[in-house]
Amino acid sequence: MSPTSTASAPTRRQADPAAIAAEVTGTCPDRLVRAVRVEVRRGLGWQDTADSVAAALRANLPDPAAILPVSLWRGDPAGYQSHLLYAEPDGSFSISAMVWMPGQQTMIHDHVAWCVTGVLQGREYEEVFALTDDARALRLAARNVNPAGAVSGFAPPGDIHRVRNTGDTVAISMHVYGADISRLGNSIRREYTLPVRA
């Protein structure tokens, strides 16, 4: 596996959209599940839902010890790991934890639905891109350094990004998706290999 993929079982590979019935590998606090459920059931548009779920996550951001066993905190040199914590039975949202060793990153990608992230430990560096040249290239639109405690939400179509751990310690983040990744395998709609223009 390359540094941009995720590790194998018991977690699901981030690049495997055909994965079905992902195994829950951690624990999600009940109060967070209830708070997210309330916001999702409001039936708002995707960006408004992402914003309200971000507020719910910010108010309920857990400690890594509350969601993952210590054995999963080390990360995997083969690639970042995504651990499913919870999937709502009706498929309306799911929650995972990602563990990133220093230097590990995603491909440039977008999502099938809204997404909210919260950094629990370490630091994540995010580059946000926009399509340009009649969708034949990407333009760097923003750079964000997200330290522990940072929470953000976004929704298509403004969700093309790449995330990496630029710190010198393992980073752990929580991700809430407006899709059921236990059925989809991940939340990625498309990976972009277009040239990046200055």
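Modeller: A salt bridge here is a side-chain nitrogen of Lys or Arg lying within 4 Å of a carboxyl oxygen of Asp or Glu. The model under discussion is a predicted one.

Colleague: Which residues are linked with E88 in a network of salt bridges?

Modeller: The structure holds nine salt bridges. In one of them E88 pairs with R37, and the closest N and O atoms lie 2.6 Å apart. R41 belongs to the network as well. The residues linked with E88 are therefore R37 and R41.

Colleague: How many residues apart are E88 and R37 along the chain?

Modeller: The salt bridge between E88 and R37 links distant parts of the chain. R37 belongs to helix α1, residues 30-40, whereas E88 is in the loop between β1 (81-87) and β2 (94-100). Their separation is 51 residues.

Colleague: Is E88 buried or exposed?

Modeller: The cut-off for a buried residue is a relative accessible area under 20%. E88 has a value of 4%. Because 4% falls under that cut-off, E88 is classed as buried.

Colleague: What is the N to O distance in the salt bridge between E127 and R164?

Modeller: This pair also joins distant parts of the chain, with E127 in strand β5 and R164 in strand β8, 37 residues apart. E127 counts as buried at 9% relative accessibility, whereas R164 is partly exposed at 21%. Their side chains meet with an N to O distance of 3.5 Å.

Colleague: Which residue forms a salt bridge with D134?

Modeller: D134 is exposed, because its relative accessible area of 71% is over the 50% cut-off. The partner is likewise exposed, with a relative accessible area of 54%. The two side chains meet at 3.8 Å, N to O, and the partner of D134 is R136.

Colleague: What is the phi of A135?

Modeller: Most residues other than glycine have a negative phi. A135 is in the loop between β5 and β6, and its relative accessible area of 42% makes it partly exposed. A135 is not a glycine, yet its phi is positive, at about 65°.

Colleague: In which loop is D133 found?

Modeller: D133 is another residue other than glycine with a positive phi, near 50°. D133 is partly exposed, with a relative accessible area of 32%. Its place is the loop between β5 (123-132) and β6 (137-147).

Colleague: Which residues are joined by a cis peptide bond?

Modeller: Most peptide bonds are trans. The bond in question has an omega of about 10°. One of its residues, P157, is found in the loop between β7 (151-154) and β8 (160-164). The cis bond joins P156 and P157.

Colleague: In what order do the five strands of the open sheet stand?

Modeller: Strands of a sheet pair through backbone hydrogen bonds, either parallel or antiparallel. In this sheet the pairing is antiparallel. β1 and β7 each pair on one side only, and they are the edge strands. The order is β1-β2-β9-β4-β7.

Colleague: How many bridges join β1 to β2?

Modeller: β1 and β2 form a hairpin with six residues between them, and G91 in the turn has a positive phi of about 80°. Q81 has V99 in β2 as its bridge partner. The strands run antiparallel, and the number of bridges joining them is six.

Colleague: Which residue in β9 stands opposite M98?

Modeller: β2 pairs with strand β9 (residues 171-177) in the antiparallel sense, over seven bridges. Strand β4 (residues 115-121) also pairs with β9 in the antiparallel sense, over six bridges. V119 stands opposite S173 in β9. The residue opposite M98 is likewise S173.

Colleague: How many of the residues of β2 are buried?

Modeller: On one side of β2, S94, S96, M98 and W100 are buried. On the other side I95, A97 and V99 are buried, and both faces are thus covered. The count of buried residues in β2 is seven of seven.

Colleague: Which helix lies across β4, β7 and β9?

Modeller: The helix spans residues 46-59 and runs at about 165° to β7. Its name is α2.

Colleague: Over which residues is the pLDDT below 50?

Modeller: The chain averages a pLDDT of 87, and 88% of the residues score at least 70. The stretch below 50 has 71 contacts in the model beyond near neighbours in sequence. It comprises residues 1-22.

Definitions and conventions. Residues numbered from 1 in each chain as written. Heavy atoms only, no water. Helix = DSSP H or I, 4+ residues; strand = E, 2+ residues; numbered from the N terminus. Buried < 20%, exposed > 50% of the residue type's maximum accessible area, 1.4 Å probe, protein only. Pairing = 2+ DSSP bridges. pLDDT = per-residue confidence, 0-100. Contact = heavy atoms within 4.5 Å. Axes fitted to C-alpha atoms, helices over the stretch in contact; angles between N-to-C directions.
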